[in-house]
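Open your viewer and get comfortable. We will go from the whole chain down to single residues, one selection at a time.

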Amino acid sequence: MLPRADPKDWAEVLELIEFPASLSEINKRARDIGGIDHEVHEIIGRLPRDRYDSLEDFLKDIRKTYLADGIAPDKFPV
């Protein structure tokens, strides 16, 4: 199984986030970007925390979500 979103989609979101950030703020910034794959919004909506203090924590939870979906670590887009 492969992710639909590509690294470019995630890079566009990550460029706009300043940490610490609330999940609602991250969602808003992602929605402000046109043309990114819907999967990005879906994954963000499934993240377990309400707030992220660092990029590392944010990426860790994104990768855990992809792993739970059966995506191999070498296929993660982030």
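**The whole chain**

Colour by secondary structure and follow the chain from the N terminus: the elements run α-β-α-α-β-α. That comes to four helices and two strands, where helices (H or I, at least four residues) and strands (E, at least two) are DSSP runs numbered from the N terminus. Keep in mind that this is a predicted model, in which local features need pLDDT of at least 70, side-chain atom pairs count only at pLDDT 80 or more, and totals for chains, interfaces and linings use all residues. Residues are numbered from 1 along each chain as its sequence is written, and side-chain values use heavy atoms, with hydrogens and water left out.

Now zoom out. The radius of gyration of the chain is 11 Å, close to the 12 Å from the globule rule for 78 residues, so the chain is as compact as a globular protein of that length. The radius is taken over C-alpha atoms, and the rule is 2.2 Å times the number of residues to the power 0.38. Along the principal axes, the C-alpha atoms fill a box of roughly 30 × 25 × 15 Å.

Switch on the surface. Its accessible area is about 4700 Å², and 50% of that belongs to carbon and sulfur atoms; the areas come from the Shrake-Rupley method with a 1.4 Å probe, and for residues only the protein chains shown count as cover. Buried residues make up 40% of the 78 in the chain (buried means under 20% relative accessible area, exposed over 50%, partly exposed in between).

**The nonpolar core**

Next, select Trp10, Val13, Ile44, Phe58, Ile62 and Tyr66: of the 22 residues in the largest nonpolar core, these touch the most other members. A nonpolar core is a set of buried Ala, Val, Leu, Ile, Met, Phe, Trp, Tyr and Cys residues joined through side-chain atoms within 4.5 Å. Helices H1 (7-16), H2 (23-31), H3 (38-45) and H4 (55-68) each supply at least two residues of this core, and H4 gives the most, with four.

Which residues does Ile62 touch, not counting those up to four places away in sequence? Centre on Ile62 and you will find Trp10, Ile43, Leu47 and Val78. Contact here means heavy atoms within 4.5 Å.

**Asp61 in helix H4**

Select Asp61, which is found in helix H4. Is Asp61 buried or exposed? Asp61 is buried, with a relative accessible area of 4%. Leaving out residues up to four places away in sequence, Asp61 touches Leu47, Pro48, Arg49 and Tyr52.

**Two loops**

Go to the loop between H1 and strand S1 (21-22), where Pro20 has its place. Look at the peptide bond that joins Phe19 and Pro20: it is cis, with omega about 5°.

Then move to Ile33, in the loop between H2 and H3. Ile33 counts as buried at 12% relative accessibility. Beyond its neighbours within four places in sequence, Ile33 is in contact with Glu12, Val13 and Leu16.

**After the last helix**

For the final stop, select Ile71 in the segment after H4. Ile71 counts as buried, at 5% relative accessibility. Add Leu2 to the selection: Ile71 and Leu2 are 69 residues apart in sequence and 6.1 Å apart in space, C-alpha to C-alpha. For the chain as a whole, residues 24 or more positions apart account for 60% of the contacts with a separation of 6 or more.

Methods. Buried < 20%, exposed > 50% of the residue type's maximum accessible area, 1.4 Å probe, protein only.
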